[in-house]
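User: I have a structure open and would like to go through it with you. Could you start with the contacts between charged side chains, and tell me how you define them?

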Amino acid sequence: MNKWQKHLLVDIEQRHPDYVAISHAIHRKPEIGNKEYFASETLCKMLEEADFEIEKAIVGHPTGFIARKESGRPGPKIAFLAEYDALPGLGHACGHNIIGTTSVLAAVSLSTIQEMLGGTIFVFGPPAEEGGPNGSAKASYSAAGLFEEIDAAMMLHPNGKTHLTVPAPAVDVLDFEFFGQAAHASTNPEEGINALDAMIQFYNGIGSFRQQLARGEQIHGIILEGGQAPNIIPDYTKARFFTRAFKRKDLDLLTERVRQIAEGAAYQTGTTVKMSRIQKGVDNVWVNQAFNDLFYQVSADLGVACEMDGAGVGSTDAGNVSQRIPTIHPFIQIGPESLVAHTEAFREAAGSPAGDAAIQTGAKLLAVTALRLFQEPETLAKIKQEQKQLQEQEK
């Protein structure tokens with residue numbers, strides 16, 4: 001371990017109490033996607049105090065930010081990805097209070113030796129990772145080309161165990177609305193066009209189609225609106241569905257098939273249907289093995305037990321970043337291995353002593369991994385070469 005690595009470890013330990021306080025403050029005040037004003041401003045304040053330049057309100061996301069600190073010397077451009085939105089009704093049951101805090105702590109600590117390193121340190125604050133209207137800001141940032149100048153990006157996600165980046169599926173979030181004609185169900189039913197019949201046909205059609213899904217493909221959804229009264233033929237119904245697949249090209253085909261099932265249900269019932277994408281399309285995560293190997297080496301050097309494989313994970317818009325630049329999205333333990341995200345138990349773990357400890361450990365892992373990229377041009381070159389190979393394979 002060189003002197004700069006030792007410096008980072010000590011510096012992170014000294015700053016840790018302040019960042020635990022930030023994590024708890026964000027945890028106590030959960031905000032859903034694109035409304036994370038408190039969390040965004042709190043993280044930006046820490047970056048501004050460390051002399052980062054901040055750009056806010058990024059590509060249609062009012063709570064988005066991009067922070068950068070230039071060294072004035074040539075060198076890599078390394079980014080830390082922050083997340084800070086909460087789940088509706090459940091609060092920080094995915095631990096994004098830890099993600100944002102950990103990334104900012106790692107970046108601020110690394111910036112204390114930036115004059116020696118050269119290059120540029122970035123922190124991207126993309127809102128609404130959990131989705132919702134105008135959700136998945138990393139997808140927006142990627143589509144706008146905001147990562148094109150970055151050499152590599154990294155983040156850590158809380159979990160029931162510490163493990164490397166693993167594949168995660170692409171996901172589309174779709175609303176289906178059926179439009180019919182209202183009528184009294186007893187007096188003049190012949191004049192009605194039943195939007196609920198269309199919805200039921202659609203829902204059952206999806207149920208039948210599930211029997212033919214390829215391995216790794218999923219469809220799940222709920223009916224959000226099914227009518228107002230039993231004696232009124234519904235003229236409007238609405239459902240929300242997720243489609244998932246481990247490759248974007250396969251997901252595009254799956255989503256189109258679901259759209260066709262909806263069109264078929266509308267045709268059968270004389271209704272019309274509208275499909276809407278309520279958030280940006282989330283792409284599957286590409287695993288850059290050379291980057292994964294570096295993180296694993298750093299974990300071993302710091303005495304952090306890190307497994308190579310993990311259980312299946314949900315989708316993340318970090319996948320969109322991973323398809324443009326080398327990206328890692330490993331996981332860090334904040335509770336028992338049985339811990340499952342999007343639950344009350346996970347929310348409590350995100351504000352627990354184990355969650356607090358993960359902020360320090362995670363920041364050390366990220367900062368030292370980034371330091372290796374600054375100090376080892378050959379390692380960064382190898383990682384970028386593998387990224388080119390992944391892109392060629394996808395073509």
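Analyst: A salt bridge here is a side-chain nitrogen of Lys or Arg within 4 Å of a carboxyl oxygen of Asp or Glu. Before using that, please note that this is a predicted model, in which local features need pLDDT of at least 70 and side-chain atom pairs count only at pLDDT 80 or more, while totals for chains, interfaces and linings use all residues. Residues are numbered from 1 along each chain as its sequence is written, and side-chain values use heavy atoms, with hydrogens and water left out.

User: OK, how many salt bridges does the structure hold?

Analyst: The structure holds 24 salt bridges. One of them joins lysine 56 to glutamate 48, with 3.9 Å between the closest N and O atoms.

User: And how exposed are lysine 56 and glutamate 48?

Analyst: Lysine 56 is partly exposed, at 37% relative accessible area, and glutamate 48 is also partly exposed, at 39%. The classes are buried for under 20% relative accessible area, exposed for over 50%, and partly exposed in between, using a 1.4 Å probe and protein chains only.

User: Which salt bridge pairs link distant parts of the chain?

Analyst: One is the pair of glutamate 148 and arginine 324, whose side chains meet at 3.2 Å, N to O. Glutamate 148 sits in the loop between helix H5 (137–143) and strand S5 (152–154), whereas arginine 324 sits in the loop between helix H9 (318–322) and strand S11 (327–328), and the two are 176 residues apart. Helices (H or I, at least four residues) and strands (E, at least two) are DSSP runs, numbered from the N terminus. Glutamate 148 is partly exposed at 47% relative accessible area, and arginine 324 is partly exposed at 37%.

Another is lysine 161 with glutamate 307, where the closest N and O atoms are 2.9 Å apart. Here lysine 161 lies in the loop between S6 and S7 and glutamate 307 in the loop between helix H8 (289–301) and H9, 146 residues apart.

User: Is lysine 161 buried or exposed?

Analyst: Lysine 161 counts as buried, because its relative accessibility is 15%, whereas its partner glutamate 307 is partly exposed at 38%.

User: Which residues are linked in a network of salt bridges?

Analyst: Asp172, Arg248, Asp252, Arg277 and Asp283 are linked in such a network.

User: Switching topic: how much space lies in the largest pocket?

Analyst: The largest pocket holds about 1100 Å³ of space. On a 1 Å grid over the protein atoms alone, a pocket is an open set of points where a 1.4 Å probe fits, with protein on both sides within 12 Å along at least five of seven lines, and lining residues have an atom within 4 Å of a point. Grid points are joined across faces, edges and corners, and the volume is the space filled by probe spheres set on the points.

User: What lines the largest pocket?

Analyst: The lining has 48 residues, of which Cys94, Glu130, Gly314, Ser315 and His342 lie nearest the centre of the pocket. By class, 22 of the lining residues are nonpolar, 17 polar and nine charged. Strands S6 (157–159), S7 (170–179) and S9 (236–245) each supply at least two lining residues.

User: What is unusual about the phi of histidine 342?

Analyst: Histidine 342 has a positive phi of about 65° although it is not a glycine. Most residues other than glycine have a negative phi. Histidine 342 belongs to the loop between strand S12 (331–333) and helix H10 (344–349), and it is partly exposed at 38% relative accessibility.

Alanine 57 likewise has a positive phi, of about 55°. Alanine 57 is in strand S1 (residues 53–58) and counts as exposed, because its relative accessible area is 51%.

User: Last one: which residues form a nonpolar patch on the surface?

Analyst: Ile200, Tyr203 and Ile223 form one, with about 220 Å² of accessible area together. Patches are made of residues with over 30% relative accessible area and no salt bridge, and nonpolar side chains (Val, Leu, Ile, Met, Phe, Trp, Tyr) are joined within 5 Å. Accessible areas come from the Shrake-Rupley method with a 1.4 Å probe. Tyrosine 203 is in helix H6 (residues 195–209), and it is partly exposed at 32% relative accessible area.

Conventions
Nonpolar A, V, L, I, M, F, W, Y, C, P; charged D, E, K, R; others polar. Patch = residues over 30% accessible without salt bridge, like charges linked within 9 Å, V, L, I, M, F, W, Y side chains within 5 Å.
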